[in-house]
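Visitor: I am new to this kind of picture, and I would like to learn how to read a few of its features. Could we go through them one at a time?

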Amino acid sequence: MNAVGQLLADPLTYPFLRRAFAAALAAAVVCAVLSCWLVLTGWSLLGDAVSHAVLPGVVLSYILGLPFALGATVFGLLAVWLIGGLRRTSRVKEDASIGIVFTTLFALGLVLVSVTPSQVDLHHIVFGNLLGVSRTDLVQVLVLAAACLTVLLIRRRDLTLWAFDPRHARVVGLNPRVLAGILLGCLALTCVVAMQTVGVVLVVAMLVIPGATAQLRTRRFPRMLGIAVASSLVCTVTGLYLSVALDASSGGCVVLCQGIWFAVVYALTRVRTLRHSRPASAQ
């Protein structure tokens, strides 16, 4: 084995790093797939809201000795229900509803952490602890990721039609509320998956950047899904190896790689657009 191969294989000799890679790759795939629909429907901010709103659920689960995923899922779904209910039953607009709900729930989580400082590690909850993923955590991540992917792939045609043209979806007999509920439910579960890897704060990056990057490269949705997943996987692997080499935050390195890749794709897209626009302006 050459030097490069040895360098890439060495981290995988440690069980905790193998679990970290498995959890991160599972989160990368499900976040990338979901991010395409979030970008198309304009729900990127909603992903930020749900990712922060799960904090009190995580803290309560820790205090009660329950799995993190259980409390986070309950509060993620609660946040989605509160945002939708506030928007439908008042004159408050959607962006204001999102801001009110997620800041209130996030503040509740901070209060719970502050009154139990010896039992809850805020740093790991907020910024993730990818290298500390246990076998139980890995199983939770894989099960939730598989469930979300299965639902999204089964209903992909309906969700895509609804994202592009809600009126036409209603005409052909699809129920927009049901489709919105499916997407929001998957969003809540995906936030739980990503929270295990990059933490509450950085979840939104994994839910937005892959889809936004793919949208710069193509207008065809099937291709958009493929580009989003591929870029998310490459950036995740690169970020993990970078975190091992630098002894830096694994979640931060993963998101940083995704942000840098988005900047590169954006720059290349702008150059290509300007190059094609010059002959037209000259004529």
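Visitor: Does C148 count as buried or exposed?

Guide: Please keep in mind that this is a predicted model. A residue counts as buried when its relative accessible area is under 20%, and C148, at 1% relative accessibility, therefore counts as buried.

Visitor: How many disulfides does the structure hold?

Guide: A disulfide is a covalent bond between the sulfur atoms of two cysteines. The structure holds zero disulfides, and C148 is in none, the nearest cysteine sulfur, that of C186, being 4.8 Å away.

Visitor: Which cysteine sulfur is closest to that of C31, and why is there no bond?

Guide: The pair must have sulfur atoms within 2.5 Å to count as a disulfide. The closest cysteine sulfur to that of C31 belongs to C191, and because the distance is 7.6 Å, it is too far for a bond. C31 is also buried, with a relative accessible area of 0%.

Visitor: Turning to the surface, which residues make the nonpolar patch?

Guide: L60, I63, L64, L66, L70 and V74 together make a nonpolar surface patch of about 500 Å². Two elements, α4 (55–64) and α5 (68–88), each give two or more residues to this patch, and the largest share, three residues, comes from α4.

Visitor: Where does L64 lie, and does L64 count as buried or exposed?

Guide: L64 lies in helix α4. Exposed means over 50% relative accessible area, so L64, at 61% relative accessibility, counts as exposed.

How values were computed. Residues numbered from 1 in each chain as written. Predicted model: local features only at pLDDT ≥ 70, side-chain atom pairs only at ≥ 80, totals over all residues. Heavy atoms only, no water. Patch = residues over 30% accessible without salt bridge, like charges linked within 9 Å, V, L, I, M, F, W, Y side chains within 5 Å. Areas by Shrake-Rupley, 256 points an atom, 1.4 Å probe, with all protein chains shown as cover. Salt bridge = Lys/Arg side-chain N within 4 Å of Asp/Glu carboxyl O. Helix = DSSP H or I, 4+ residues; strand = E, 2+ residues; numbered from the N terminus. Buried < 20%, exposed > 50% of the residue type's maximum accessible area, 1.4 Å probe, protein only.
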